[in-house]
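Got the viewer open? Let's take a short walk through this structure, one selection at a time.

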Amino acid sequence: MALFSSLTPVFIAIICVLIGVIMKKTNGEKEKCDTKSKHPSRPLVDEDLKDGTDHPLEEEEGEEEWQGLEENVAHVPFTSERYSEAEMIKRSQTFYELLNKRRSVRFLSDEPVPREVIDNVIRTAGTSPSGAHTEPWTFVVVQDPYLKHKIREIVEEEEEINYKKRMGDRWVNDLKRLRTNWIKEYLDTAPYLILIFKQVYGRLPNGKKKTHYYNEISVSIACGILLAALQNAGLCTVTSTPLNCGPQLRVLLQRPANEKLLLLLPVGYPKKDATVPALTRKPLEDIMVVM
Ligand SMILES: Cc1cc2nc3c(=O)[nH]c(=O)nc-3n(C[C@H](O)[C@H](O)[C@H](O)COP(=O)(O)O)c2cc1C
């Protein structure tokens, strides 16, 4: 009994330490839960559409990023074509008329298109300017019918949820006049699907992360050039942003984690009975301000 009472202060000390340890662990777990709940797993706005420049990727957070630019690049003389003013006016008018005929076509035929044309339009897109010349784009060209169908299954499943649940009445109403819905037959029929991924960061030869500043703007400009090149070649497409499909399509197409899907372009000739909504474009005075 005497021995027991002499040990009482020791027991009390041990119990205090145990309570302290348990409380610290509980607080830590609560903090972890709070951080998790700030990042819902199924976002309304596609996480892939955020620019990685502002949102460092969680999986590699803390890893140091380097621009990795070569310090010494030779500078060479620049030459370009010089046209007469009359020729410039004619060329700019002709180019405008060509691009003014571009329409988003949602009915594409399965008629084959030469691969060389696709190679050339993607080469053309690759001439785009990019932040610090990082060229943060990957153009995945899908021609395999099985893969095209898998893409269709993923897109249609997510788009049906977008139309029925995720997006509000206003979004569904705005799309009504375009007569577009979640059925995307063109994903099977178009001879090519071009999926454009933005690389939110790159890798240097030493394995370090390379910062891709303005990657989304750079890839968007490249996409604009690609659309113009397709139009120039006499091909049709519809610019599409399959909401919430990015991660699944990235895995299907075996793209690395630094690549995020930006756009999906089905490419081909229009179907014989294809229609487009009778939209008009804003006149010059509504889109240009001269000072
Ligand atoms: C960023 C962007 C996303 C678009 N996403 C879709 C889409 O997911 N599905 C679709 O059918 N059209 C989509 N479009 C096409 C637009 O609806 C189309 O460009 C617009 O109605 C004007 O028609 P036009 O391209 O024939 O001039 C998208 C266009 C842009 C620029």
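Start by selecting Phe139 and Ile196: in this predicted model, Phe139 stands opposite Ile196 in β3.

Now widen the selection to the strands around that pair. Strand β3 covers residues 192-199 and pairs with β2 in the antiparallel sense, over six bridges. Add β6 and you have an open sheet of three strands, in the order β2-β3-β6, with antiparallel pairing. Colour β2 (137-142) and β6 (259-267) as the edge strands, since each of them pairs on one side only. Averaged over the sheet and ignoring direction, neighbouring strands are turned by 20° against each other.

Next, show helix α7, residues 215-233. Helix α7 packs on this sheet and touches β2, β3 and β6. Its direction makes about 155° with that of β3.

Then move to the ligand. Which residues surround the ligand? Select Arg102, Arg103, Ser104, Arg106, Leu178, Thr180, Val238, Thr239, Ser240, Thr241, Leu279 and Arg281 to see them. Coloured by class, this shell shows three nonpolar, five polar and four charged residues.

Some distances here deserve a label:

- Arg103: a polar side-chain atom lies 2.6 Å from an oxygen atom of the ligand.
- Arg106: here, too, a polar side-chain atom faces a ligand oxygen atom, at 2.7 Å.
- Thr239: a polar backbone atom is 2.9 Å from a nitrogen atom of the ligand.

Finally, switch on a surface for the ligand. On its own, the ligand has 610 Å² of accessible area, and the protein covers 65% of that.

Conventions: Residues are numbered from 1 along each chain as its sequence is written. This is a predicted model: local features need pLDDT of at least 70, side-chain atom pairs count only at pLDDT 80 or more; totals for chains, interfaces and linings use all residues. Side-chain values use heavy atoms; hydrogens and water are left out. A residue is near a molecule or strand if one of its heavy atoms lies within 4 Å of it. A polar contact is a pair of N or O atoms within 3.5 Å; within protein, one must be able to donate a hydrogen and the other to accept it, and residues adjacent in sequence count only if both atoms are side-chain atoms. Accessible areas come from the Shrake-Rupley method with a 1.4 Å probe; for residues, only the protein chains shown count as cover. Ala, Val, Leu, Ile, Met, Phe, Trp, Tyr, Cys and Pro count as nonpolar, Asp, Glu, Lys and Arg as charged, and the others, Gly among them, as polar. Two strands pair if DSSP finds at least two bridges between them. Helices (H or I, at least four residues) and strands (E, at least two) are DSSP runs, numbered from the N terminus. Axes are lines fitted to C-alpha atoms, for helices over the stretch in contact, and angles run from 0 to 180 degrees between N-to-C directions. Contact means heavy atoms within 4.5 Å.
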